[in-house]
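Please read the following walk through the structure with the sequence and coordinates open. The account goes helix by helix and ends with the nonpolar core.

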Amino acid sequence: MRKAILHLKKADPVLGSVIDRVGAYRIEYREPGFQTLVRSIVYQQLSGKVASVIFNRLAAMLPGGEITPEGILKLTPHKMRRAGLSKQKTAYIRDLARKTARGKVNFETLPELPDHEVIEHLTQVKGIGVWTAHMFLIFALQRPDVLPTGDLGVRSAIRKAYGLDELPLPKQIEELAAGWRPYCSIASWYLWRSLDGPAEL
């Protein structure tokens, strides 16, 4: 990690000052499995507090609090809605459960796949877009060089740190981050933390 931080500081003095301000790198990783991906669907476009309540309610409906494809498919959509899930998210989670149960989504093979193939594999599920796949790569598969150009937190942090008038576009972020490689995930974590928001999946 020391090597990554030295590289980022040398490559980009603005990011270097963000790193100095935030302090030690303390990313928290999650298991790269089904439950983590369900969690990320639940958390989409919700505050962490609200999402956490819904996620815990869903887990409480399942044997041993374990969120598994089989457990999800035994629940009725109506019961899932009672946990606080929207109709859309209920459909997304059920689609993920079906595809996982049939082997179309295979969490065992993901660690061996390159980043772009992981994105391809996960985005076949309804409701999982590139952003969710990027978060899974960073926080579950621990990939060091993922640049989530569509993430609002990253865009807001860049705007603030670099004194931009508007939120940067993905292409501008790619150009700005060229020198960060191969440590874009670490840079992104620091940008999230610079906003005092939680940097997690």
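**Helix packing and the core**

The axes of helix α1 (residues 2-11) and helix α2 (residues 13-22) come within 5 Å and cross at roughly 135 degrees. The crossing angle therefore makes α1 oblique to α2. By residue class, the contact of α1 with α2 consists of six nonpolar, one polar and two charged residues. From α1 the participants are Ile-5, Leu-8, Lys-9 and Ala-11, and they meet Pro-13, Leu-15, Gly-16, Ile-19 and Asp-20 in α2. This is a predicted model, and the values given here are to be read with that in mind.

Next comes a histidine. His-121 is located in helix α8 (residues 115-122). Is His-121 buried or exposed? His-121 has a relative accessible area of 17%, and because buried means under 20%, His-121 counts as buried. Its side chain reaches the backbone nitrogen of Asn-106 at 2.9 Å. Leaving aside neighbours within four places in sequence, the residues in contact with His-121 are Lys-104, Val-105, Asn-106 and Leu-110.

Helix α8 appears again in the surroundings of α9. Helix α9 (residues 130-139) is mostly covered, with eight of its ten residues buried. These are Thr-132, Ala-133, His-134, Met-135, Phe-136, Leu-137, Ile-138 and Phe-139. What do the buried residues of α9 pack against? They pack against α3 (34-43), α8 and α12.

Helix α10 (residues 152-161) also has buried positions, namely Gly-153, Val-154, Arg-155, Ala-157 and Ile-158. The cover over the buried residues of α10 includes α11 (170-176) and α12. At the N-terminal end of α10, Asp-151 acts as a cap: one of its side-chain oxygens lies 2.9 Å from the backbone nitrogen of Gly-153. After α10 comes Gly-163, which has a positive phi, near 60 degrees.

The last topic is the nonpolar core. The largest nonpolar core has 64 residues, and Leu-58 and Trp-180 are those with the most contacts inside it. Which helix gives the most to this core? Helix α12 (residues 184-194) does, with seven residues. Helix α12 is also among the elements packed against the buried residues of α9, and is part of what covers those of α10.

The surroundings of Leu-58 can be listed in the same way as those of the histidine. Leaving aside neighbours within four places in sequence, Leu-58 is in contact with Val-38, Ile-67, Ile-72, Leu-75, Met-80, Ala-83, Leu-85 and Ile-93.

Methods: Residues numbered from 1 in each chain as written. Predicted model: local features only at pLDDT ≥ 70, side-chain atom pairs only at ≥ 80, totals over all residues. Heavy atoms only, no water. Core = buried A, V, L, I, M, F, W, Y, C linked by side-chain atoms within 4.5 Å. Buried < 20%, exposed > 50% of the residue type's maximum accessible area, 1.4 Å probe, protein only. Helix = DSSP H or I, 4+ residues; strand = E, 2+ residues; numbered from the N terminus. Contact = heavy atoms within 4.5 Å. Polar contact = N/O pair within 3.5 Å; in protein donor to acceptor, adjacent residues only side chain to side chain. Axes fitted to C-alpha atoms, helices over the stretch in contact; angles between N-to-C directions. Parallel < 35°, antiparallel > 145°, perpendicular 65-115°, else oblique. Nonpolar A, V, L, I, M, F, W, Y, C, P; charged D, E, K, R; others polar.
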